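Subject: Structure handover

Hello,

Here is the structure we discussed, with my notes below it. Please look through it before you set anything up.

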Amino acid sequence: MSTTTRETTITADPAAPTVAITREFDAPPELLWRVWMEADLLARWFGPEGFTNHDCVVEPKVGGRWQAIMRGPEGTEFDQDYPIKSTIVALDPPHRLVAAGGSEEYPDDWMEQYNSFMAADERETSVDIVMEVTLEPLPGGRTRQTMRQ
């Protein structure tokens with residue numbers, strides 16, 4: 001299954017629990033790398049529309065932290081913190097970032113929502129999450145960014 005909006009393509013593989021989001025930018029990979037690897041820049045854009053970020057930490061080395069605490073919009077059902085706390089497991093500047101973490105610190109209702117899509121015998125108490133970001137240079141100083149989770 002695939003959807004395209006404003007040059008963004010979201011692809012879900014029904015055979016594997018992964019989602020890929022691909023978008024092309026009018027910027028070189030080095031600039032996009034900075035928005036992933038500098039905490040102050042990450043805080044400005046990461047997460048769904050209407051969410052904010054605090055306590056962003058990026059230690060740009062294998063074994064370093066990659067963290068963003070997303071806050072849902074005030075007055076909505078998402079008005080709480082969503083901690084993304086990962087460890088960088090692979091790094092190839094400015095082309096590839098891989099970070100891995102778990103859902104242990106997510107709000108209790110997050111796992112309830114996650115499990116609502118699962119059969120009773122497949123429900124989880126926590127989820128391991130791996131995020132891979134690739135930045136592919138394109139002609140004209142453009143970049144194709146793909147994020148897989």
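Arginine 34 and glutamate 38 are joined through their side chains by a salt bridge, at 2.8 Å from N to O. The model is a predicted one, and the distance is computed from its coordinates. Both partners keep some contact with the outside: the relative accessible area of glutamate 38 is 28%, which makes it partly exposed, and arginine 34 is partly exposed at 38%.

In total, the structure holds 10 salt bridges. Side chains of opposite charge can pair in this way when their charged atoms come close. Two others from the set are described here.

Glutamate 59 pairs with arginine 65, and their closest N and O atoms lie 3.4 Å apart. That separation counts as a salt bridge because the cut-off is 4 Å between a side-chain nitrogen of Lys or Arg and a carboxyl oxygen of Asp or Glu. Glutamate 59 has a relative accessible area of 27% and is partly exposed; arginine 65, at 39%, is also partly exposed.

Arginine 144 and glutamate 136 form a salt bridge at 3.1 Å, N to O. Arginine 144 is partly exposed with a relative accessible area of 27%, and glutamate 136 is partly exposed with 38%. This pair belongs to a network in which shared partners link Glu24, Asp26, Glu136, Arg142 and Arg144.

Next, the interior. Which residues touch the most other members of the largest nonpolar core? They are Trp36, Phe46, Trp66, Leu97 and Met131, out of 21 residues in that core. Two or more residues come from each of α1 (29-37), β4 (52-58), β5 (65-71), β6 (81-92), β7 (96-102) and β8 (128-138). The greatest contribution is that of α1, with 4 residues.

Tryptophan 66 is a useful place to start when viewing this region. Leaving aside residues up to four places away in sequence, tryptophan 66 touches Trp36, Leu42, Phe46, Val57, Val58, Ile84, Lys85, Ser86, Ile88, Leu97, Ala99 and Met131.

On the surface, Ile10, Val19 and Ile21 make a nonpolar patch of about 200 Å². Valine 19 sits in strand β3, which covers residues 18-25. Its relative accessible area is 37%, so valine 19 is classed as partly exposed; patch members need over 30%.

Threonine 9 lies in strand β2 (residues 8-13) and is partly exposed at 24% relative accessibility. The C-alpha atoms of threonine 9 and arginine 23 are 6.4 Å apart in space, while 14 residues separate the two in sequence.

Last, the confidence of the prediction. The mean pLDDT of the chain is 86, and 82% of the residues reach 70 or more. Among the elements, α1 has the highest mean pLDDT, at 97, and strand β1 (residues 2-5) the lowest, at 46. Across residues 1-5 the pLDDT is below 50, although this stretch has 10 contacts in the model beyond near neighbours in sequence. Where pLDDT is low, the predicted coordinates should not be read in detail.

Regards

Note on methods: Residues are numbered from 1 along each chain as its sequence is written. This is a predicted model: local features need pLDDT of at least 70, side-chain atom pairs count only at pLDDT 80 or more; totals for chains, interfaces and linings use all residues. Side-chain values use heavy atoms; hydrogens and water are left out. Patches are made of residues with over 30% relative accessible area and no salt bridge: like charges are joined within 9 Å, nonpolar side chains (Val, Leu, Ile, Met, Phe, Trp, Tyr) within 5 Å. Accessible areas come from the Shrake-Rupley method with a 1.4 Å probe; for residues, only the protein chains shown count as cover. Buried means under 20% relative accessible area, exposed over 50%, partly exposed in between (1.4 Å probe, protein chains only). A nonpolar core is a set of buried Ala, Val, Leu, Ile, Met, Phe, Trp, Tyr and Cys residues joined through side-chain atoms within 4.5 Å. Contact means heavy atoms within 4.5 Å. pLDDT is the predictor's confidence in each residue, from 0 to 100.
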